[in-house]
Amino acid sequence: MPECLAGIRVLELTGGPSVSYCTKLLAGLGAEVIKIESPAGDICRHSGPFPGDVPDPETSGLFLHLNTGKRSVRLDIERPEARALLKRLLAETDVMVEGYAPGALTALGLGYEALAAEFPRLIVTSITPFGQDGPYAQYLGAEIVTYALGGYLMLTGSPEREPLKSYSTQIEFQAGLQGLFGTMVALTGREADGRGDWVDVSAMEAATFLLGGPAQVCALTGEIRIRNGTRLIGLVPRYFYPSTLRPCRDGYVHAHTNVRHPELMSVLMELPRLAEAEMLETAAGHADEIDALMDEWLAGHDRREVVARAQELRVPFTEVFRPDEVLADPHHAERGAFVELDHPVAGRLTQPGPAVQFAATPWRVERAPMLGEHTDEVLGRWCSSAELAALLETGAIV
Amino acid sequence: MTSAPGPRKPLAGIRIVDFTNAVAGPTATSLLGDYGAEVIKIEAPDGRQPNPPGTAPLRPGAADEPYNRVMHFNDLNRSKLSLVLDLAKPAGRQRFLELVQVSDAVIENFSPRVAGNLRIDYPDLRRVRPDIILLSMPAFGKSGPYRDRISYGPGIDAMSGISHLTGYEDGPPMKPGNFFCDQNAALLAASSCLAALRHRNRSGEGQYVECAMIDGELQVVAEALLDYQMNGRVQTRTGNRHPSIAPHGVYRCAGEDAWLAITAGTEAEFNALCQVINRPELTADPRFATNAARHEHQDELDAVIAGWTVSQVKLSAQHTLQAAGVPAGAALNVAELLANEQVKARGQFEEVEYADLVQPYPHTRAAFKLRVHTSRIERRAPRFSEHTRQILAELLGASVSEVEQLYEHGVTRAAPLDAHGLRV
């Protein structure tokens, strides 16, 4: 059975985790992804974690995760003869995903306008910190910077302390995901009218997309919602409670009331106070008291006990798991959420498998390629061995 | 039947039955609606319980239907049509199956137990429409020991490991923002729906697609999962710090709750930072001469930077640092974000008028602009049951008397029942 995107060819010009994540997901859906790497290799090859903390372009955990299902071609597109070859590939490419600073590809003759004139069916997905236009287009954008400007930073952390970013490079991941959706929208549009498109993704906007309501509340009411510690943002006294993270005997749980049956909190913890009318009507107004009552009860129980008992009552508590616990969780094993991949240098590793499970079409997850592993094989489809030898001579391919 | 004004949108011609609640599902379907799919939201007769603190201000003189002013609901359900049906009643079930017959995909995010009770399963739907796509968004999937657990987004964040990894170095685990895993799952689901449609268009084959929210979130904590395997290291919270780059932080500025994110990943950026903060001598200081040294002495370095930012206005400092070649950005609150020059220039908030509200709604479009196809959000969230008669008559061919019977028997209704069975 072919994959959903069988027959779609994607060309990736490397540009950080966002671009790599976008094309990883396209590869998972079945597109053929050709990753064009500079002679030095993708930037993620130089990011950890590494086994033994020893940097090696073939063993970066971030790279191995973000590049499953792709082929690597080592081609120096700074060189004109390499770009001429790239154009030959682009003539038979459906989607190009790139993360160059706005204008940089135009300077190389690979800007959207020039490519669209030559290849009207081509979809170009450009992922940059702030998008292709606007006053910040040429700003330098680290992930923490787009996190801040997108408004998302102000929603994480304690109100009395500095706002916090989340783990790793989440905004890069989200920008990649937005690139995936934009690419799918453009591919669908092209089915009907044969026209390509330019999907101009902004990481700052990907951060803003995560806000989930506070901007609209502000526009409609003037209320400015900010980070609220471990509690749900925007709680007012008449809202439900708990919706927070609290400590128990062996770690933390996410404690959340059953919104339709708030009285079940009292049953769960055998605390009649939690079923009093005043408590039920203004639960969030009693958040400190509820925390204190919960903490006393939680301190005598382990996470799994608490959650098992709550879930049995249909009160949606869950455990806060550590990464090692996530990896060992039988739930994920039973569902095939992780796959074991053998890499010639990095060895055997358990990696996240299908992001989505399709009943009829496979999700492709194969180990990440080594730098330039497929240069000859892929380019050999577009040029003769004499041409390849000449390119090798000039250093256009390595 | 619902031709949108203006040029063609890329998803025009696709019809989606939206059977979703809470955040992740409605976000996925509104995204598809924004780009032109016809999204028919099926609402239960007791849907949209208005919570007074969560309703938008009423325009003076407008009829007061609080259930049509639920702020969060409207935001998550723009670009859709509303059809009210009680699926527990046989006639409601019948009309639902008729709707499936003329649709391309059904998207639902009930817990597997509720979906089972409502008999929304793939074999049943395929019987009426052989090439239908059913996309489910359960929290943990429809198999495995957690299949019957219930959870909102932040509870799934907890189980994925991201809450453990988010927080101050000396503090408890934190929620990563508001509803992190909901938007994460929504983007995957909307993309997967389009991928499954492409496969159907080529092969004639529909399918069941399972977008378990936890699966999508495992993808974003992979570094911690691999570090544990490679080094036996259980990663934990490190605040705003970067594993290898320093400085990398959020620094207090002049004013209330004012903060600026600054980092410098290269020597050139660090040199520029030292110039801007009038401390050029730092580049020669052995504690800060290399990135490795800076990383080792980042407490001291952060104190120096914070000593400068504390008297700066965050936006001016941002401009100064960026002009000098230092990555920096103010932590914008939502009011500042709505007014921000970059946000305005790019137009991520697309204003849509609501007749009964004082203000137009600034709906948040996806994080990209298209240059060829049109993509503006045009359709406000539907009023409760707004399109019920139209859909029953025009799409499902119900006669006037058949429609009236559905109202009479409570299969559909014009205004929601409240939780106690009374009209709101």
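In the predicted model, B:Ala261 draws its contacts from both chains. When neighbours within four places in sequence are left aside, the chain A residues in contact with B:Ala261 are A:Ile144, A:Val145, A:Tyr147, A:Ala148 and A:Leu153. From chain B, the contacts of B:Ala261 are B:Val250, B:Ala328, B:Gly329 and B:Ala331. B:Ala261 is also one of the residues with the most contacts inside the largest nonpolar core, together with A:Ala148, B:Ala189 and B:Cys193. This core has 243 residues. Its greatest contribution, 13 residues, is made by helix α8 of chain B, residues 180-203.

The contact between the chains involves 128 residues of chain A and 126 residues of chain B. On the side of chain A that touches chain B, helix α7 of chain A (residues 170-193) provides the largest share, with 16 residues. By residue class, this side of chain A comprises 74 nonpolar, 36 polar and 18 charged residues. Strands also pair across the two chains: β6 of chain A (residues 197-202) and β12 of chain B (residues 368-370) run antiparallel and are joined by three bridges. Within this pairing, B:Phe368 of β12 is the residue opposite A:Val201.

Chain B contains 18 helices and twelve strands. Of its 424 residues, 55% are buried. Along the principal axes, the C-alpha atoms of chain B occupy a box of roughly 85 × 55 × 45 Å. Of the contacts in chain B between residues at least 6 apart in sequence, 70% link residues at least 24 apart.

Methods:
Residues are numbered from 1 along each chain as its sequence is written. Chains are lettered from A and ligands numbered from 1 in the order in which they are written. This is a predicted model: local features need pLDDT of at least 70, side-chain atom pairs count only at pLDDT 80 or more; totals for chains, interfaces and linings use all residues. Helices (H or I, at least four residues) and strands (E, at least two) are DSSP runs, numbered from the N terminus. A residue is buried if 20 or more other C-beta atoms lie within 10 Å of its own, exposed if 12 or fewer, and partly exposed in between; C-beta atoms are placed from the backbone. Two residues are in contact if their C-beta atoms, placed from the backbone, lie within 7 Å. A nonpolar core is a set of buried Ala, Val, Leu, Ile, Met, Phe, Trp, Tyr and Cys residues joined through C-beta atoms within 7 Å. Ala, Val, Leu, Ile, Met, Phe, Trp, Tyr, Cys and Pro count as nonpolar, Asp, Glu, Lys and Arg as charged, and the others, Gly among them, as polar. Two strands pair if DSSP finds at least two bridges between them.
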